[in-house]
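The following note is offered to a colleague who is meeting this structure for the first time. Please read the numbered points with the model in view.

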Amino acid sequence: MPWCDTCDRLVADDELVEGTCPTCSTELAEPERRPVTLRFRLLIVATAIYLIWRFVQGVQWLTHHA
Ligand SMILES: [Zn+2]
């Protein structure tokens with residue numbers, strides 16, 4: 001259950017209105033969201049590493065075939 005700082009109380013998951021507090025409409029992080037965000041970040045990092053690796057390979061190909 002997320003905590004609302006504005007209302008100073010716990011908000012039940014079924015009370016949330018699209019991830020926001022039903023009383024003050026403050027956006028409250030859903031616990032389920034964090035692993036998805038972490039997985040998404042890992043995907044971005046993996047993609048970046050892959051692109052850098054491809055770039056290095058491309059540079060090596062160019063230096064060998066120049
Ligand atoms: Zn609130």
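1. Order of elements. Read from the N terminus, the protein chain follows the order β-β-α. The chain thus holds two strands and one helix. This is a predicted model, and the points below should be read accordingly.

2. Overall form. The protein chain is more spread out than a compact globule, because its radius of gyration is 22 Å, well over the 11 Å that the globule rule gives for 66 residues. The C-alpha trace spans about 65 × 15 × 15 Å along its principal axes.

3. Domains. The domain assignment divides the protein chain into domain 1 (1–31) and domain 2 (33–66). Taken over C-alpha atoms, the centres of domain 1 and domain 2 are separated by 37 Å. Helix α1 covers residues 33–65.

4. Confidence. The average pLDDT of the protein chain is 89, and 91% of the residues score at least 70. Among the elements, strand β2 (residues 9–10) has the highest mean pLDDT, at 93, whereas helix α1 has the lowest, at 90.

5. Burial and contacts. Of the 66 residues in the protein chain, 6% are buried. Where contacts join residues at least 6 apart in sequence, 13% of them link residues at least 24 apart.

6. Asp-8. This residue belongs to the loop between β1 (3–4) and β2. Which backbone feature of Asp-8 deserves a check? Its phi is near 60°, a positive value in a residue other than glycine. Asp-8 counts as exposed because it has 7 C-beta neighbours inside 10 Å, and the cut-off for exposure is 12 or fewer.

7. Ser-25. A second residue to inspect is Ser-25, in the loop between β2 and α1. Ser-25 is not a glycine, yet its phi is positive, at about 65°. Is Ser-25 buried or exposed? Ser-25 is exposed, since 11 other C-beta atoms lie within 10 Å.

8. Thr-37. Helix α1 contains Thr-37. With 10 other C-beta atoms within 10 Å, Thr-37 is exposed. How far apart are Thr-37 and Thr-20 in space? From C-alpha to C-alpha the two residues are 18 Å apart, and in sequence they are 17 residues apart.

9. Reading the model. As a general caution, predicted coordinates should not be read in detail where pLDDT is low. For this protein chain, the share of residues scoring at least 70 is 91%.

Note on methods. Residues numbered from 1 in each chain as written. Predicted model: local features only at pLDDT ≥ 70, side-chain atom pairs only at ≥ 80, totals over all residues. Domains from an automatic or database assignment. pLDDT = per-residue confidence, 0-100. Helix = DSSP H or I, 4+ residues; strand = E, 2+ residues; numbered from the N terminus. Rg over C-alpha atoms; globule rule 2.2 N^0.38 Å. Buried ≥ 20, exposed ≤ 12 C-beta atoms within 10 Å, placed from the backbone. Contact = placed C-beta atoms within 7 Å.
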